[in-house]
Structures are given as structure tokens and as C-alpha cells.
Amino acid sequence: MTLVKRILIIGLVLLLGGCGLVRPRSMDAQGADSFEDDVRTARTLTEAFWKQYFQQLNQTYRPITDFVPYSGNSGPRCGGEPAVSNNAFYCPVGHFIAYDQDWMEALWNEMGDGSVYVIIPHEFGHAVQAQLQTDFELNVQMELQADCYAGGTLSSLVGSGALQAQSGDEDELLLSLEAAGDPTDDWLNPAAHGTAEQRQASFATGWSDGVGAC
Ligand SMILES: [Zn+2]
């Protein structure tokens, strides 16, 4: 890792932090937004960002068809595969995102709202990959690009004032990145999603240079 990148990451962590993102129009103290508010806002703002970005490319963003909360193992199947607990995933068959709401709310409680604002844009990153028909040799490349897309999405939303970043702690952001799951691989396995350092670096690239750099 270069020094410049390390400095960028430190800056990113100071800026974003774990509990970092609240809507500026909220007059309440940090954390006053409900979990449901944060999930809804993360989805709405992320799709608004991609819609605008696709327009700049003279392409049309195709919104996801559904955004499905589930509990335990009761989630929707994807291509014949059952949903698993403690996960969030994008399903290309049907073009939807599903998430274990109990797991995500527990992360929200333990790590702050930053977790929701990392996981949901990460999954939307996979929805964008499907639309751009991006090919990858390795799963880890796809995952790191989704992290990069999440960083680029969030920095754009903070830059436009749609979201406000607050200071927080590095471990929380890192845990949020590590928690961004997918059903088809073991997300605790660093080989599947990249090491923590790779994921943070990829997120930072998106954050500093935008989704076009991903
Ligand atoms: Zn993923």
C-alpha cells in the first residue's frame, strides 16, 4: 500500500467512520433515525445515484425489481439456491436484493448506521455489475469492485449533501465492509471477498476517485 493510499484511507476513516452517515435534514441527534429509515434511505439514495450516473453514460439504469427483508432461512431463493441467515445478497435471477433484517438490524445496533450504508450500496454494486455485464475471472475481483462502487456511491452522496458524514472509528467501518455478504460464498473467507486491507483500499479508491475509477 502506498503512503498516499494509506493517508486517503485514514482520511476516509476519520470522515466516514462506523456510525458515520446521517441525513442532514434530520434534526435529531445521531442515531435517532430508525433502522427502517436508514435502510429505506440507503436504497433510495443509492438507486438515485446510479440512475443519474447511467444517464451521464447515455444509458438507462434498471431499478431492482424487489428489495426483500427476511428472517433466518425464510428468504427468497435465488437460482434454486436457498437464502441463508446473516446475509444480504443480490440475485441476478429476478434482479432483486434481499437481506436478513434481523442480522442487519443487529449490525446497525452494534456498529451504527454506517453498516447499512456500506452493505446496501455494496449489494447495489452487484446489481450494477449485472447491468453493465462486467466479466470477472475471479469472484474476489467482483467483490472488490462492489466495495469500490460502494465507496464511490457514498462519497458522491456525501459530496452532494444527500448524506452527512461524521467521525467514527476505523474498526467499525472495517467490520461493516467485512459484513457485506453474499450467499454463494463464505464471506468470512478472505479469499472470497478479499482481505480486510484489500477491501478497505478498494472502498477508498471509489471514495476518492468515484465509481468511474472502479
Ligand atoms: Zn458482494
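**Close-ups of a predicted fold**

Y90 stands opposite I97 in β4. Everything shown in these views comes from a predicted model.

**View 1. The β3–β4 hairpin, where two strands run in opposite directions.** Here's the home of that Y90–I97 couple. Strand β3 covers residues 88–91 and pairs with β4 in the antiparallel sense, over 4 bridges. Look along the strands for another match: F89 has A98 of β4 as its bridge partner. Strands of a sheet pair through backbone hydrogen bonds, and they can do that either parallel or antiparallel. What sits between β3 and β4? There are 4 residues between the two strands of this hairpin. One of the turn residues is G94, with a positive phi of about 105°. H95 is also in the loop between β3 and β4, and its phi is near 55°, a positive value in a residue other than glycine. That's worth a second look, because most residues other than glycine have a negative phi. Is H95 buried or exposed? With 2% relative accessibility, H95 counts as buried, because the cut-off for buried is under 20%.

**View 2. Strand β4, tucked away on both faces.** Zoom in on residues 96–100, the stretch that makes up β4. How many of these residues are buried? The count is 5 of 5, so β4 is mostly covered, with buried meaning under 20% relative accessible area. In a regular strand the side chains alternate between the two faces of the sheet. You can follow that pattern here: F96, A98 and D100 point one way, while I97 and Y99 point the other way.

**View 3. A three-stranded open sheet and the helices lying on it.** Pull back a bit and you'll see 3 strands in the order β2-β4-β3, with mixed pairing. Which strands are at the edges? They are β2 and β3, each of which pairs on one side only. From one strand to the next, the twist averages 15°. Helix α3 (residues 101–111) packs on this sheet and touches β2, β3 and β4, with its direction at about 65° to that of β4. Helix α4 (residues 114–132) lies across β2, β3 and β4 as well, and it runs at about 15° to β3. As for the pairing of β2 (residues 66–70) with β4, these two strands are parallel and joined by 5 bridges. One example is D66, whose bridge partner in β4 is F96.

**View 4. Two helices crossing: α2 and α5.** Two packed helices are described by the angle between their axes and the distance between the axes. For α2 (residues 35–56) and α5 (residues 139–159), the angle is about 95° and the axes are 10 Å apart. The two helices are therefore roughly perpendicular to each other. Who's doing the touching? From α2 come L45, T46, F49 and W50, and from α5 come Y149, G152, T153, S156 and L157. Sorted by class, the contact has 5 nonpolar and 4 polar residues, with no charged ones.

**View 5. Aromatic rings meeting up.** A pair of aromatic rings is described by the distance of the centres and the angle of the planes. The model has 11 aromatic pairs. Take W50 and Y53: this pair is edge-to-face, at 5.5 Å centre to centre and 90° between the planes. Both rings belong to helix α2, where W50 and Y53 are 3 residues apart, about one turn of the helix. W50 counts as buried, because its relative accessibility is 1%. Now compare F67 and Y99, a tilted pair at 5.1 Å centre to centre with 45° between the planes. This pair links distant parts of the chain, with F67 in strand β2 and Y99 in strand β4, 32 residues apart. Both F67 and Y99 are buried. Back around α2, one aromatic cluster is made of F49, W50, Y53, F54, Y61 and Y149.

**View 6. D38 and N58, a study in opposites.** D38 lies in helix α2, and it is buried because its relative accessible area is 1%. Leaving aside neighbours within four places in sequence, which residues does D38 touch? Its contacts are D33, W108, D113, V116 and Y117. N58 lies in the loop between α2 and β2. N58 is exposed, with a relative accessible area of 76%. Its phi is positive, at about 55°, although N58 is not a glycine.

Definitions and conventions:
Residues are numbered from 1 along each chain as its sequence is written. This is a predicted model: local features need pLDDT of at least 70, side-chain atom pairs count only at pLDDT 80 or more; totals for chains, interfaces and linings use all residues. Side-chain values use heavy atoms; hydrogens and water are left out. Axes are lines fitted to C-alpha atoms, for helices over the stretch in contact, and angles run from 0 to 180 degrees between N-to-C directions. Angles under 35 degrees count as roughly parallel, over 145 as roughly antiparallel, 65 to 115 as roughly perpendicular and the rest as oblique. Contact means heavy atoms within 4.5 Å. Ala, Val, Leu, Ile, Met, Phe, Trp, Tyr, Cys and Pro count as nonpolar, Asp, Glu, Lys and Arg as charged, and the others, Gly among them, as polar. Buried means under 20% relative accessible area, exposed over 50%, partly exposed in between (1.4 Å probe, protein chains only). Two strands pair if DSSP finds at least two bridges between them. Rings of Phe, Tyr and Trp (its six-membered ring) pair if their centres lie within 6.5 Å; planes under 30 degrees apart count as stacked, over 60 as edge-to-face and the rest as tilted.
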